[in-house]
Amino acid sequence: MDISEILEPGRVLGNVEARSKKRALEILSELLGHAGEECVANDIFENLVQREKLGCTALGRGVAVPHGRSPGLSGPAAAFVKLHEPVDFDAADGERVDLIFGLLVPEEATENQSAALADVTRLMADATLRGSLREATSSSTLYQLLADAADRLTT
């Protein structure tokens with residue numbers, strides 16, 4: 001996966017203050033709202049909340065991958081947030097979430113675009129990457145860690 005195709009440095013934030021899952025999703029929606037001309041943060045937020053109602057997007061080990069479909073996108077778009085303090089995400093393992101990788105795909109997503117979710121899930125399953133992300137102190141470092149790890153997945 002070429003992460004630069006779905007994730008821009010400006011949609012990566014570190015040490016974010018969010019006291020709840022709802023606030024974390026709002027912040028993620030604001031970042032994703034810059035992904036396409038027709039992407040509106042409020043619509044994205046509602047989309048992510050509705051998806052959470054279908055089933056928790058927490059993967060465990062402090063990671064969540066909220067995702068949904070959005071009109072106005074020509075391909076997948078992503079945002080990443082590292083929370084200053086973990087929040088309850090209703091994860092099956094009971095662990096609070098501090099690493100959130102949000103993903104939007106076009107409303108009429110193709111098989112390749114839907115595969116982006118599998119790639120992100122595989123990326124975030126890497127324990128070494130998770131540790132490095134938690135130690136990172138800047139948004140630019142977070143982006144570089146994600147880009148490097150994604151490059152290793154494809155080679």
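1. A residue is called buried when its relative accessible area is under 20%. Keep that cut-off in mind as you read on, and remember too that the model you are looking at is predicted. A good place to try the word out is strand E6: here 10 of its 10 residues are buried, so the strand is mostly covered by the 20% cut-off.

2. What does E6 pair with? Strand E5 is one partner, and the two run antiparallel, joined by 7 bridges. Within this pairing, Phe80 has Phe101 of E6 as its bridge partner. Strand E4 (residues 67–70) also pairs with E6, this time in the parallel sense, over 4 bridges. Ser70 is matched there with Pro106 in E6. Strand E3 (residues 63–64) is parallel to E6 as well, with 2 bridges, and Val63 stands opposite Leu99. When you look at these strands, it helps to recall that in a regular strand the side chains alternate between the two faces of the sheet.

3. Next, please turn to helix H5, which covers residues 139–154. How far does H5 reach from its first C-alpha to its last? The span is 23 Å for 16 residues, close to the 22 Å expected at 1.5 Å a residue. The buried residues of this helix are Leu142, Tyr143, Leu146, Ala147, Ala149 and Ala150. Viewed down the axis of H5, they fall within an arc of 165°, so the buried residues line one face of the helix. Ser140 and Arg152, on the other side of H5, are exposed.

4. Ala150 deserves a second look. Why does Ala150 count as buried? Its relative accessibility is 0%, and buried means under 20%, so Ala150 meets the cut-off. You can also compare its position with that of Met124: the two residues are 26 apart along the chain, and their C-alpha atoms are separated by 9.6 Å.

5. Helix H1 (residues 21–32) is the home of Ser29. Is Ser29 buried or exposed? With 1% relative accessibility, Ser29 counts as buried. Leaving out residues up to four places away in sequence, Ser29 touches Ala41, Ile44, Phe45 and Leu48. Phe45 appears again in a polar contact: the side chain of Ser29 reaches the backbone nitrogen of Phe45 at 3.2 Å.

6. Now for the charged residues. Side chains of opposite charge can pair when their charged atoms come close. How many salt bridges does the model have? The count comes to 7. One of them joins Lys21 to Asp90, with the closest N and O atoms 3.6 Å apart. Lys21 lies in helix H1 and Asp90 in the loop between strand E5 (77–87) and strand E6 (97–106), so this pair ties together parts that are 69 residues apart in sequence. Lys21 has a relative accessible area of 16%, and so it is buried. Lys21 and Asp90 are also linked with Glu52 in a network of salt bridges.

7. Two other salt bridges sit within single helices. Arg23 and Glu26 form one of them, with their closest N and O atoms 3.2 Å apart. These residues both lie in helix H1, 3 residues apart, which is about one turn of the helix. Arg23 is partly exposed, with a relative accessible area of 33%, and Glu26 is partly exposed as well, at 24%. In helix H3 (residues 111–124), Arg122 and Asp119 are also 3 residues apart, so about one helical turn separates them. Their side chains meet at 3.4 Å, N to O, in a salt bridge. Arg122 is partly exposed, and its relative accessible area is 44%.

8. Last, please check two backbone angles. Which value does phi take at Asn15? Phi is positive there, about 55°, although Asn15 is not a glycine. Asn15 belongs to strand E1 (residues 7–16) and is partly exposed, with a relative accessible area of 37%. Asp90, which you met above in a salt bridge with Lys21, has a positive phi too, near 60°, and is likewise a residue other than glycine. Asp90 is placed in the loop between E5 and E6.

Methods: Residues are numbered from 1 along each chain as its sequence is written. This is a predicted model: local features need pLDDT of at least 70, side-chain atom pairs count only at pLDDT 80 or more; totals for chains, interfaces and linings use all residues. Side-chain values use heavy atoms; hydrogens and water are left out. Buried means under 20% relative accessible area, exposed over 50%, partly exposed in between (1.4 Å probe, protein chains only). A polar contact is a pair of N or O atoms within 3.5 Å; within protein, one must be able to donate a hydrogen and the other to accept it, and residues adjacent in sequence count only if both atoms are side-chain atoms. Contact means heavy atoms within 4.5 Å. A salt bridge is a side-chain nitrogen of Lys or Arg within 4 Å of a carboxyl oxygen of Asp or Glu. Two strands pair if DSSP finds at least two bridges between them. The expected span of a helix is 1.5 Å times one less than its number of residues. The arc is that of the directions from the helix axis to the C-beta atoms.
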